[in-house]
Amino acid sequence: MATAMFNGQVIAESDETIVVEGNHYFPPASVNHEFFTEHERTSVCGWKGTANYYSVSVQGETADAAAWYYAEPLEKATNITNYVAFYPAVTVTA
C-alpha cells in the first residue's frame, strides 16, 4: 500500500499505484480531492506530454504545485492518465 501524506494528513492511498521514473502515480479515485486545488503551472515531458498541477492544502498549510498529473498524456504514457504524483513536499511511503 502506498500512502501520500501532507501536514499529518493522508491525502492519497492505494495498492494500485504505477511507478514511473521513481514516482508513485496514484489512481484518481485514491486521491482525497478535498485537499487539492488546480494550479496554473504546466510542464512538458518529452515522452509523457503536458503535466497539469495541483496545490495541496491541509490545516492551513499549502504546498503550491506539489502534485501533478497528465490529463492527456502522449501514447507511451496513457496508462497514467489522470494519475497523481507528488513532489517531496508530500511524503510518499510504499
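The chain exposes about 5100 Å² of surface, and carbon and sulfur atoms supply 47% of it. Bear in mind as you read that this is a predicted model. Turning from the surface to the interior, buried residues make up 41% of the 94 residues in the chain.

**Overall build**

Secondary structure is quickly described here: there are nine strands and zero helices. Along the sequence the pattern therefore reads β-β-β-β-β-β-β-β-β, and with a radius of gyration of 12 Å, close to the 12 Å that the globule rule gives for 94 residues, the chain is as compact as a globular protein of that length. Taken along the principal axes, the C-alpha atoms fill a box of roughly 35 × 30 × 20 Å. As for how the sequence folds back on itself, consider contacts between residues at least 6 apart in sequence: 43% of them join residues at least 24 apart.

**The sheet with β1, β2 and β9**

Three strands form an open sheet in the order β2-β1-β9, with antiparallel pairing. Its edge strands are β2 (9-14) and β9 (91-93), each of which pairs on one side only. On average, neighbouring strands of this sheet are turned by 20° against each other, direction ignored. Strand β1 (residues 2-6) is joined to β9 by three bridges, and Thr3 stands opposite Thr93 in β9.

**β5, β6 and β7**

Next comes a run of strands linked by hairpins. Strand β6 (residues 49-58) pairs with β5 on the one hand and with β7 on the other. The two pairings can be set side by side:

| Strands | Sense | Bridges | Residue paired with Tyr54 |
|---|---|---|---|
| β5 (residues 36-45) and β6 | antiparallel | eight bridges | Glu38 |
| β6 and β7 (residues 61-69) | antiparallel | six bridges | Ala67 |

Tyr54 of β6 thus stands opposite Glu38 and also has Ala67 in β7 as a bridge partner. In the hairpin of β5 and β6, three residues lie between the strands. The hairpin of β6 and β7 has two residues between its strands, and Gln59 in that turn has a positive phi of about 50°. Strand β6 is mostly covered, as seven of its ten residues are buried.

**Two loop residues to look at**

Asn7 lies in the loop between β1 and β2. Is Asn7 buried or partly exposed? Its relative accessible area is 31%, so Asn7 counts as partly exposed. Leaving aside neighbours within four places in sequence, Asn7 is in contact with Val58, Gln59 and Glu61. A polar atom of the Asn7 side chain lies 2.8 Å from the backbone oxygen of Val58. Asn52, by comparison, is 45 residues from Asn7 in sequence and 22 Å from it in space, C-alpha to C-alpha.

Ser30 sits in another loop, the one between β4 (23-25) and β5. Why does Ser30 count as buried? The relative accessibility of Ser30 is 16%, and because buried means under 20%, this residue falls into that class. Which backbone oxygen lies 2.7 Å from a polar atom of the Ser30 side chain? That oxygen belongs to Pro27. Not counting residues up to four places away in sequence, Ser30 touches Ile11, Ala12, Glu13 and Ser14. These four contact residues fall within β2 (9-14), an edge strand of the open sheet.

Definitions and conventions:
Residues numbered from 1 in each chain as written. Predicted model: local features only at pLDDT ≥ 70, side-chain atom pairs only at ≥ 80, totals over all residues. Heavy atoms only, no water. Pairing = 2+ DSSP bridges. Axes fitted to C-alpha atoms, helices over the stretch in contact; angles between N-to-C directions. Buried < 20%, exposed > 50% of the residue type's maximum accessible area, 1.4 Å probe, protein only. Polar contact = N/O pair within 3.5 Å; in protein donor to acceptor, adjacent residues only side chain to side chain. Contact = heavy atoms within 4.5 Å. Rg over C-alpha atoms; globule rule 2.2 N^0.38 Å. Areas by Shrake-Rupley, 256 points an atom, 1.4 Å probe, with all protein chains shown as cover.
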